[in-house]
Amino acid sequence: MEIIRNPKIMLDTCRGFAMKGASIGFVPTMGALHDGHLALIRASSVENTINVASIFVNPMQFGPQEDFAKYPRDMDADIAKLKQERVDILFMPDPASMYPKGFSSSIDVGDISTKLCGAYRPGHFDGVATVVAKLFIIVQPMRAYFGRKDYQQTLVIKRMAADLNIPTEVVVCPTVREADGIAMSSRNRYLSQEQRQGATVIYRTLTESAERLKSGQGPMEVSQWMQQALRAEPLVTEIQYAAAYDHETLVGLEEFKGRALLAVALKMGDTRLIDNVLI
Ligand code: AMP
């Protein structure tokens, strides 16, 4: 596995591969790697001739009050994990090379980025769209792999790629969970043992809500039940959203016609957790 830190060298290297006809598969991450990330890396490795991963904690997608400074960084462990997989290149730029002095562009994907998480994290999806566009230009992937755990992010990136004529295929992979149902997340490291146990309420609530919806309960009623079920866990300190949504527009669902997104964002202490189930 080759490690490249310089964006210009990365671009030249990837362009060389692309010109020789290689299909580049790409998995962008912020590191603190877990099995959710590794599942994306494995999916990419079987579908492409060159497999590229990146680790970059992107300052542009964190708000001023958010956890950029304390976001878990564990480079040695991450590199050891990636060496166990088939990864040809790891791109690890530093913030100054991605956002040099004078940098001032931003990609606003519009409506879809203002819903759900966008309402609680202003500017977050502009930061995500901008860094992913930059990474797509540098890596020139034929396919890029994202997790369904960040469902809204996948909609934002698909919209951005379509709008900007970026030829990369955006592949969405299923959410990888712990044995007790909790979605794997780098931020789970912040949780105390009690909070970790309390957080199991999220997936329990999502799966039971899905059953309720499928067995004929109306989306409004199910959404109210979700709020109630989550509020019953005393370690949940704030519910930001918990409801049934249209899986394409992220507007609150009024009538269930076989497709829905059930999504939750809440805080346990200072830790913000998100999860969803797609029907
Ligand atoms: P992050 O490092 O949190 O920016 O995540 C990098 C990529 O891994 C994103 O596409 C995430 O959606 C994906 N990812 C994170 N957690 C999971 C998970 N539990 N299952 C599947 N994909 C995940």
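Which element gives the most to the shell around the ligand? Helix α2 does, with 3 residues.

This is a predicted model: local features need pLDDT of at least 70, side-chain atom pairs count only at pLDDT 80 or more, and totals for chains, interfaces and linings use all residues. Residues are numbered from 1 along each chain as its sequence is written, and side-chain values use heavy atoms, without hydrogens or water.

**View 1. The shell around the ligand holds 17 residues.** A residue belongs here if one of its heavy atoms lies within 4 Å of the ligand. M30, H37, D150, V176 and M184 are the closest.

**View 2. Polar atoms of M30, D150 and V176 face the ligand.** Polar contacts are pairs of N or O atoms within 3.5 Å. A backbone N or O atom of M30 lies 2.9 Å from a ligand oxygen. The side chain of D150 places an N or O atom 2.6 Å from an oxygen of the ligand. A polar backbone atom of V176 is 2.8 Å from a ligand nitrogen.

**View 3. F62 and Y71 form an edge-to-face pair.** Rings of Phe, Tyr and Trp (its six-membered ring) pair if their centres lie within 6.5 Å; planes under 30 degrees apart are stacked, over 60 edge-to-face, the rest tilted. Here the centres are 5.8 Å apart and the planes at 75 degrees. F62 is buried at 10% relative accessible area, and Y71 is buried at 7%. Buried means under 20%, with a 1.4 Å probe and protein chains only.

**View 4. Ring pairs link F26, F136 and F146 into a cluster.** The whole structure has 8 aromatic pairs.

How values were computed. A polar contact is a pair of N or O atoms within 3.5 Å; within protein, one must be able to donate a hydrogen and the other to accept it, and residues adjacent in sequence count only if both atoms are side-chain atoms. Helices (H or I, at least four residues) and strands (E, at least two) are DSSP runs, numbered from the N terminus. Buried means under 20% relative accessible area, exposed over 50%, partly exposed in between (1.4 Å probe, protein chains only).
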